[in-house]
Each structure stands twice: as C-alpha cells, then as structure tokens.
Amino acid sequence: MPRLFAYLQMSVTKTILLFPFCILLCLAFKIENTAYKDFYQNSINELIKSQEELLNQLKQTKLDSLGKISLNDVINKARLQLKACDFWLRYLEPNAYKQINGPLPVEWETEVFEKFEKPYKRIGRGFTVLYNELQEADCVKDSLINIHRSSLKTTPLFLKDSVLQKMNDHHHFFLANRLYLLNLAAIYTTGFECNNTSEVITELKSMVNAVKGIYASFNQSYPEYSLSKDYSNLYDKCIEFVKNQPNDFERFDHFEFIRTYINPLFYLNQNFIRDYEINSKSYNDYSLNYQVNSIFSKNLYNSQNIRGIYSRIKNPELIKEIDELGKLLFYDPILSKNNERSCASCHKPTQYYTDTLTTAHLNFDKKNKLPRNTPTLLNATHNHLVMLDGKHFTLQNQAKDVMTNPDEMASDENELLNKVLSCKEYKHRFNKLLKETPQEKTITINHISSALTFYYGKLSQLYSPFDRAINNQNDANKNVIAGFNLFMSKAQCATCHFVPQFNGVKPPYIGSEFEVIGTPADTSFSELSIDKGRFKINPATETQNAFRTTTIRNASKTKPYMHNGVFPDLKSVIDFYNNGGGKGRGLNVANQTLSEDRLNLSDLEKQQLIEFIGSLTESFPIESPPTKLPSSSIKSLNKRVIHGLY
C-alpha cells in the first residue's frame with residue numbers, strides 16, 4: 001500500500017511538473033497553426049491602411065499636373081500592397097475583387113454557370129479605374145473619391161468570418177495557387193489591369209516575393225500538406241529570374257518566364273491538387289480540369305460539350321459511329337431547304353473549315369451575301385458563348401440555328417427530320433443511337449445537331465509548333481519568341497487574346513469576353529461597320545459594336561479577317577491595331593475598349609508578330625469527303641451533291 005501511494009504521488013508530481021510544458025507546447029502548436037491565417041489578416045489590414053492613406057491624399061491634393069504625379073505615386077504604392085494580397089482576393093471573393101481592382105468601369109457578363117440567365121451589369125471600381133480616371137484632363141475630385149471609397153468599403157469583406165473560416169483548412173490554398181499561376185501566365189505581365197505599363201514588372205517583382213511569404217506561412221500551419229522542396233526551389237529560381245529582368249515589360253522575356261517557370265510550377269501544383277484530394281467550393285473552379293499537367297493543354301478548361309445528346313455513350317464502337325454519322329451529315333445538303341447547301345459549303349475542310357475566298361458567303365437566296373464572315377470551326381469548342389455576338393451557349397443550339405435560319409439553310413425542323421429519316425442508312429443509325437439517348441423518346445433535331453458537333457468538335461484538340469515549344473518539347477526560332485513577347489507586351493494583343501487559347505476566355509476561364517475595336521465597313525475607313533454585334537443580343541451602351549474575341553490560333557490560314565472580312569491579310573489587321581483601331585483612324589466609336597493610341601510597331605516587329613501567329617497554325621489531317629451520300633426513298637433527294645452546290 002505505501003508503495004502504491006508513493007507511485008501515485010510520483011505520477012502526480014510529474015504531471016504537475018509537465019503541465020506548464022504541455023501548455024507551452026499547445027500554445028506553440030496554436031501559434032504555428034494560425035500563422036497562415038494571421039499572415040492573411042495582416043496582409044488585408046495593410047491593404048486597408050494603404051487605401052486609407054490614398055483616400056486622404058485624394059482629399060488633400062490639388063488636381064494640377066504636380067498633384068496628379070503625386071497621386072499616381074500613392075496609387076502605385078497602394079497597388080503594391082494589393083498585389084501582396086492578390087493571391088487570395090481574386091480567388092476567395094472574385095466579385096468583391098472587381099470593386100478593388102476592376103479593369104473596366106462597366107462590364108456585362110454571362111459566366112458559364114449562368115448561361116441560362118440574362119447578362120448582368122457589373123460596375124468596376126478600384127485602382128485601375130481610378131488611375132484611368134485620373135489621367136483624364138477634366139477629371140473631378142469628387143468622382144475620384146467616390147470611386148476609391150467604393151473600393152475601400154469592399155476590402156473589409158475579406159476579414160469577415162465567412163472568409164476567415166476558409167483559412168482553417170488547406171483546400172482553398174492550392175486552388176488559389178492554381179489561379180495565381182494561371183494569371184502569371186495570362187494576365188499579370190501584360191498590362192491587362194495595370195494601364196500604367198511602366199509599373200507592370202515592378203508589381204510583378206513585388207508580387208512574386210510577397211507570395212513566397214504566403215507559401216512560408218502556409219507550410220508552417222499545414223506541414224502535412226506543405227509545398228514540396230521541388231516546388232519551393234523552382235519558385236525561388238522564378239523569383240531570381242524575375243528579379244534579373246528589366247523593369248520595362250516590353251523587354252521582359254514572357255516566353256522563358258512561362259516555359260521554364262510558370263508552366264512547370266503549374267504541373268507541380270496540379271499534382272498537389274490530385275495527391276491531397278483537394279475539394280472546391282468556389283465557382284472559380286467550375287471549368288478548370290484537375291487532370292491536365294500543362295497550361296497549354298487543350299483540355300485546361302471545359303467550355304462546350306461536343307457530344308450533346310450523346311454524352312452518356314461510352315462504347316468506343318458507338319462513338320466511332322457517331323463521328324462517321326456526323327461527317328456524313330456535315331457534307332450532306334439534305335440539311336438545307338433546297339438540298340443544295342451543306343455545312344461544308346461554307347466551312348470548307350480544305351480551307352481550315354472556313355471560306356478564305358470571300359468576305360462572306362452567299363445568302364440562301366443566292367443573291368446577297370451574309371452579313372458576317374464564315375468563322376472557322378477549329379477550336380470552336382473553347383468558347384463559352386458561341387457566335388460572334390454570343391447568341392448561343394451550346395454548339396448544338398448554334399447548329400440548329402444555322403439549319404433553320406432563313407438566310408443560311410432555311411430548313412423547317414419537321415421537314416428536315418422527314419428528309420433525313422427518308423434515308424434508310426440515316427434512319428437505321430439514328431434508331432440504333434436512340435436506345436442510348438433515353439432523354440428523347442423519338443429521333444429529333446437534337447440527334448442531328450449533336451452528331452454534327454461530335455464530328456467537328458475533335459478539331460479543337462489539335463496542337464501547334466508554338467504549343468510544343470512552350471511545353472518544352474522543341475525549340476522555337478528567335479522571331480517566334482520575339483513575336484510572342486511583343487504579343488504579350490508592346491502590341492497589347494494579350495490584353496484581349498489570353499493564353500492558352502489566345503481568345504477572349506481568361507483565367508479562371510468561366511466566361512467569354514467581348515470587345516469594341518471599331519471595325520470599319522471598308523478599308524478606306526469611311527464609316528463604322530453597321531453590324532451592332534453583341535448589342536443585338538444584349539442591348540446596352542457598352543455592347544454597341546462589341547464582338548466576342550476570337551482565337552488567334554490558325555489565323556495565318558483563315559483570312560479574311562474581322563466579323564465582316566474587311567481586312568484581306570494579317571498585315572492589314574496589325575496596321576489597324578497599330579493605328580488605334582477605328583477610333584484611331586478617325587471613326588466615331590464612343591465606347592471603344594481598344595486604346596486609340598498608336599502602338600508604334602516597327603516593320604520588323606510587325607513581321608515578328610506575323611511569324612508568331614504562324615507558329616500557332618495547327619496541323620490536322622484533311623479527311624477525304626464521303627464517296628457517296630445515303631440514298632432516300634424520295635427520289636428527288638437522290639440528286640443531291642456531296643458538299644452542296646453553293
């Protein structure tokens with residue numbers, strides 16, 4: 001009994017002695033575990049502090065030339081603090097972010113998960129809008145203050161419990177990091193949201209260093225999910241590369257930056273997302289693909305479902321059959337009212353699935369021309385909204401529209417179905433597929449449109465020499481690299497045509513952008529094109545003459561250019577942009593989103609741009625057309641010609 005008492009006494013004594021140590025250990029763990037959240041809160045508070053300082057300067061400073069210079073300096077300083085937080089802000093609350101650093105005063109948006117809703121108006125505020133307003137000769141102090149106050153009111157939202165609780169686990173970090181890396185490739189070095197281009201690389205240098213601190217605090221709080229040594233070492237090399245680059249963004253090596261650092265970092269981060277089984281709760285991640293390993297993968301984001309009604313089919317033999325069926329229909333003029341026009345009539349496979357011989361194809365009536373140039377079908381799937389005015393949100397709806405449009409194929413839906421099903425081969429194939437599409441009880445036009453998009457959708461999975469070079473699979477010549485660097489900087493192309501698809505879909509790749517560039521009706525610039533573009537779909541001041549930004553891929557093969565085919569070659573297009581678009585050439589374009597300032601590109605620089613665009617030409621096998629079309633029980637239909645007559 002005494003021995004038991006002694007043992008208990010010794011145990012209690014040890015516990016008492018160890019108790020302070022345990023408390024210290026718990027406190028140390030708590031400090032370590034909150035390092036990441038504390039770092040976040042401190043960064044947001046520093047941003048608010050810089051915004052308050054800017055507000056005071058706006059109130060106190062006269063808007064003369066010296067006062068504007070002084071305010072520009074304060075804006076630049078505040079922007080550096082913004083860039084220290086950008087990693088989180090842009091991902092955690094993207095709508096609020098646009099109040100802090102929106103690129104435009106007004107944007108009309110339709111994002112991928114809202115395709116069934118009408119476009120909505122979003123007011124942009126913050127540093128970029130404030131800077132642009134300050135550059136105007138007639139800027140008003142009250143207006144500047146109101147713009148900035150809106151921004152300042154927004155920032156505390158990032159300190160709310162609903163946001164702070166996201167810091168309590170590791171999941172958001174790797175998704176925010178993915179968006180950060182995508183923006184490093186597509187936006188941060190181009191001047192897209194920093195019109196003061198002299199500050200672009202300065203901000204980049206500040207940002208990459210600030211993010212290293214974010215990484216360190218995250219690793220401290222979540223050691224079991226930490227970034228690997230390989231990632232950290234490569235990121236350190238990236239910082240060193242940026243540090244040694246000139247501050248002039250026109251001299252920054254965008255190509256080497258993406259190829260050697262950003263794309264490999266993206267690959268490593270994708271591995272973390274998969275290995276750590278990261279879950280998303282943000283619509284930012286709606287389109288992005290967890291499985292790809294390169295920013296320049298054609299599957300980086302999902303925009304269109306080419307299978308349509310056949311989405312459930314997995315059988316390889318049936319998939320092959322749908323593709324063959326789609327090809328037959330693509331070349332068959334049976335889809336038109338007069339049985340004389342097929343898809344291939346306008347989208348010529350030998351001409352990169354467009355028509356390079358005319359500014360616009362003939363109207364169905366064979367007398368007039370259609371109002372718009374035939375767009376290529378290559379890479380059509382990489383747009384969230386389809387057609388130059390964004391009229392459709394699926395390729396299948398667009399195909400149905402073409403078939404029934406009185407100016408294009410002029411078919412009646414029921415008559416079209418009867419004609420197609422009068423062909424024994426078509427009827428047999430569609431009946432076979434009907435069993436695999438339980439959402440439709442009978443064969444409908446959806447079966448036809450989905451077969452068509454299934455066929456030409458594969459044309460969006462092709463790669464170019466530039467893709468292979470940027471993926472470090474081969475080398476690019478110096479003019480291509482110079483052209484890409486110009487594209488990303490001085491030529492200002494990348495502020496509208498974003499990598500990797502070089503179209504109007506930018507990170508996080510959930511919407512299609514529209515721009516007003518002032519396209520003329522003719523090359524004499526006598527007047528603006530009468531086509532109102534997006535305005536027809538969404539009437540608003542900002543959408544007049546706005547068109548969806550198309551891809552630069554294969555552009556060297558898809559002349560003529562612009563929605564009306566007004567420019568016959570790439571040199572004419574580059575000259576147009578070099579001179580400030582329509583407004584720069586004296587046209588009245590009140591809402592032009594393209595800068596009217598001259599780019600001052602030299603002849604050599606223009607040629608380098610053309611060489612770069614040429615490197616985006618994708619190689620694809622030109623398939624032979626069908627040797628014959630399915631015969632019909634309606635004898636008159638058996639006279640139809642493969643390709644059609646016009």
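User: What makes the charged end of lysine 366 count as sitting over the ring of tyrosine 646?

Analyst: In this predicted model, the charged end of lysine 366 lies 4.9 Å from the ring centre. A charge sits over a ring if NZ of Lys or CZ of Arg is within 6 Å of the ring centre and within 35 degrees of the ring normal, so the distance of 4.9 Å meets the distance limit. Lysine 298 is placed likewise over the face of tyrosine 463, at 5.7 Å from the ring centre.

User: On what basis are such details reported?

Analyst: Because this is a predicted model, local features need pLDDT of at least 70 and side-chain atom pairs count only at pLDDT 80 or more, whereas totals for chains, interfaces and linings use all residues. Residues are numbered from 1 along each chain as its sequence is written, and side-chain values use heavy atoms, with hydrogens and water left out.

User: Is lysine 366 buried, partly exposed or exposed, and what is notable about its phi?

Analyst: Its relative accessibility is 43%. Buried means under 20% relative accessible area, exposed over 50%, and partly exposed in between (1.4 Å probe, protein chains only), so lysine 366 is partly exposed. Its phi is positive, about 65 degrees, although the residue is not a glycine. Most residues other than glycine have a negative phi. Lysine 366 belongs to the loop between α13 and α14; helices (H or I, at least four residues) and strands (E, at least two) are DSSP runs numbered from the N terminus.

User: Why is threonine 381 called buried, and what does its side chain meet?

Analyst: Threonine 381 has 7% relative accessibility and therefore counts as buried. Its side chain joins that of serine 460 at 3.0 Å. A polar contact is a pair of N or O atoms within 3.5 Å; within protein, one must be able to donate a hydrogen and the other to accept it, and residues adjacent in sequence count only if both atoms are side-chain atoms. The 3.0 Å pair therefore satisfies the distance limit. Threonine 381 is found in the same loop as lysine 366, between α13 and α14.

User: How do you know what span to expect of helix α12?

Analyst: The expected span is 1.5 Å times one less than the number of residues. With 16 residues, α12 is expected to span 22 Å, and its 23 Å from first to last C-alpha is close to that. At its N-terminal end, asparagine 315 acts as a cap: a side-chain oxygen lies 2.8 Å from the backbone nitrogen of glutamate 317.

User: Why is the pair of phenylalanine 330 and tyrosine 455 called tilted, and what does it tie together?

Analyst: Rings of Phe, Tyr and Trp (its six-membered ring) pair if their centres lie within 6.5 Å; planes under 30 degrees apart count as stacked, over 60 as edge-to-face and the rest as tilted. The search of the whole structure finds 50 aromatic pairs. In this one the centres are 5.4 Å apart and the planes make 55 degrees, so the rings pair and are tilted. Phenylalanine 330 lies in α12 and tyrosine 455 in α17, so the pair ties together parts 125 residues apart in sequence. Both residues are buried.

User: What makes tryptophan 88 buried, and which residues does it touch?

Analyst: Its relative accessibility is 0%, so tryptophan 88 counts as buried. Contact means heavy atoms within 4.5 Å; beyond four places in sequence, its partners include Tyr36, Phe39 and Met167. Tryptophan 88 lies in helix α3.
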